[in-house]
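Here is a short set of exercises to work through with the model open beside you. Try each task before you read its solution.

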Amino acid sequence: MQTSSENGEIKHQEREQRAFAPITIVIADDHPLLRYGLVSLLAGHADVAVVGEAANGREALDLCTALQPDVVLMDLQMPVLSGFDAIEAIKRISPETHILVVTTFDGDGHIARALKAGATGYLLKASLRTELHAAIRATHHGQRYLAAEAAMALAHRFDERDVAPREREVLRLVGQGNSNKQVAREMGITEETVKCHMKTILSKLGANDRTHAVAIAIRRGIIDL
């Protein structure tokens, strides 16, 4: 039977082992060349170890369920299950896993949505060569890591009024070429309500017309078509 002091020593040894163990990483991206490039970039760092690769959000979730990695490098636009949905699911089944978004999308809407879903960091693919290792280490320690472009986009977002979920749905339907009447029928509201939503949207986005509003929303990542 182990004494309390022996149990304490075992726990101390376990903490030391975890402290010196490499950071385990799962890479989730639907482009094989990008996954290969990430593995190559990390190969020269002894403190990290890639333990799995996923080509879509569902595979990423399955790997995290089985492996409980320290960090996931997560693309946002993937088939089967999007990066946004995968982040939420992973945080439910493996809350200790930290997620670093690695993407080409830098609109403030994408950034805010990813962070709200549970991501710890946000890194643009253009910055991988210079920032990837530092971003992984920061994310592993639970520190918020935002690429400079992402931080600036978020700062700009806080200076403006957010587009509400109902307004985003109106924008999405308008962006698909629907008239106010068609939008009203799809959403189960009156045409006058659609017009009111559009008026508010134009004001919030500083847009000149419907087409301009949709273009701004797509560029900022507020809607995806």
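pLDDT is the predictor's confidence in each residue, on a scale from 0 to 100. You will want it at hand, as this is a predicted model.

**Exercise 1. Confidence and overall make-up**

Find the average pLDDT of the protein chain and the share of residues that score at least 70.

*Solution.* Start with the average: the protein chain comes out at a pLDDT of 86, and 86% of the residues score at least 70. Next, look at residues 10-16, where the pLDDT is below 50. Beyond near neighbours in sequence, that stretch has 1 contact in the model. Then take stock of the fold: the protein chain has 11 helices and 6 strands. Of its 225 residues, 43% count as buried. Finally, take the contacts between residues at least 6 apart in sequence: 62% of them join residues at least 24 apart.

**Exercise 2. The cavity and its walls**

Search the whole structure for cavities of 30 Å³ or more, and describe the lining of the largest cavity.

*Solution.* Step one is the search, which finds 1 cavity of 30 Å³ or more. The volume of the largest cavity is about 30 Å³. Step two is the lining: Ile 27, Ala 28, Asp 29, Leu 34, Leu 38, Leu 73, Met 74, Asp 75, Val 102 and Lys 125. Strand 1 (23-28), helix 2 (32-42) and strand 3 (71-74) are the elements that give two or more residues to this lining. Step three sorts the lining by class: 7 residues are nonpolar, none is polar and 3 are charged.

**Exercise 3. A lining residue in helix 2**

Decide whether Leu 38 is buried or exposed, and list what Leu 38 touches.

*Solution.* First place the residue: Leu 38 lies in helix 2. Buried means under 20% relative accessible area. Leu 38 has 2% relative accessibility, so it counts as buried. Leaving out residues up to four places away in sequence, Leu 38 touches Ile 27, Leu 73, Leu 128 and Leu 132. Now check one pair: Leu 38 and Leu 73 are 35 residues apart along the chain, and their C-alpha atoms are separated by 9.1 Å.

**Exercise 4. An annotated aspartate**

Where is Asp 75 found, and which residues does Asp 75 touch?

*Solution.* Begin with the record: an unreviewed UniProt entry carries the annotation "modified residue: 4-aspartylphosphate" for Asp 75. In the model, Asp 75 is in the loop between strand 3 and helix 4. Its relative accessibility is 4%, so Asp 75 counts as buried. Setting aside residues up to four places away in sequence, Asp 75 touches Ala 28, Asp 29, Asp 30, Gly 83, Val 102, Thr 103 and Lys 125.

**Exercise 5. The buried residues of helix 4**

Work out which residues of helix 4 are buried and what covers them.

*Solution.* Helix 4 spans residues 83-93, and its buried residues include Gly 83, Phe 84, Ala 86, Ile 87, Ala 89 and Ile 90. Now recall some helix geometry: with 3.6 residues a turn in an α-helix, residues three or four places apart point the same way. The cover over the buried residues includes helix 3 (57-67), strand 3, strand 4 (98-103) and helix 5 (108-117). Zoom in on Ile 87, which is buried with a relative accessible area of 0%. Not counting residues up to four places away in sequence, Ile 87 touches Met 74, Leu 76, Ile 99, Val 101, Ala 114, Ala 117, Gly 118 and Ala 119. To finish, the C-alpha atoms of Ile 87 and Val 101 are separated by 9.2 Å, with the two residues 14 apart along the chain.

Notes
Residues numbered from 1 in each chain as written. Predicted model: local features only at pLDDT ≥ 70, side-chain atom pairs only at ≥ 80, totals over all residues. Heavy atoms only, no water. 1 Å grid on protein atoms, 1.4 Å probe; cavity = no way out; pocket = protein on both sides within 12 Å on 5 of 7 lines; lining within 4 Å. Points joined across faces, edges and corners; volume = space filled by probe spheres on them. Helix = DSSP H or I, 4+ residues; strand = E, 2+ residues; numbered from the N terminus. Nonpolar A, V, L, I, M, F, W, Y, C, P; charged D, E, K, R; others polar. Contact = heavy atoms within 4.5 Å. Buried < 20%, exposed > 50% of the residue type's maximum accessible area, 1.4 Å probe, protein only. UniProt positions renumbered as here; feature names shortened; annotations may be inferred.
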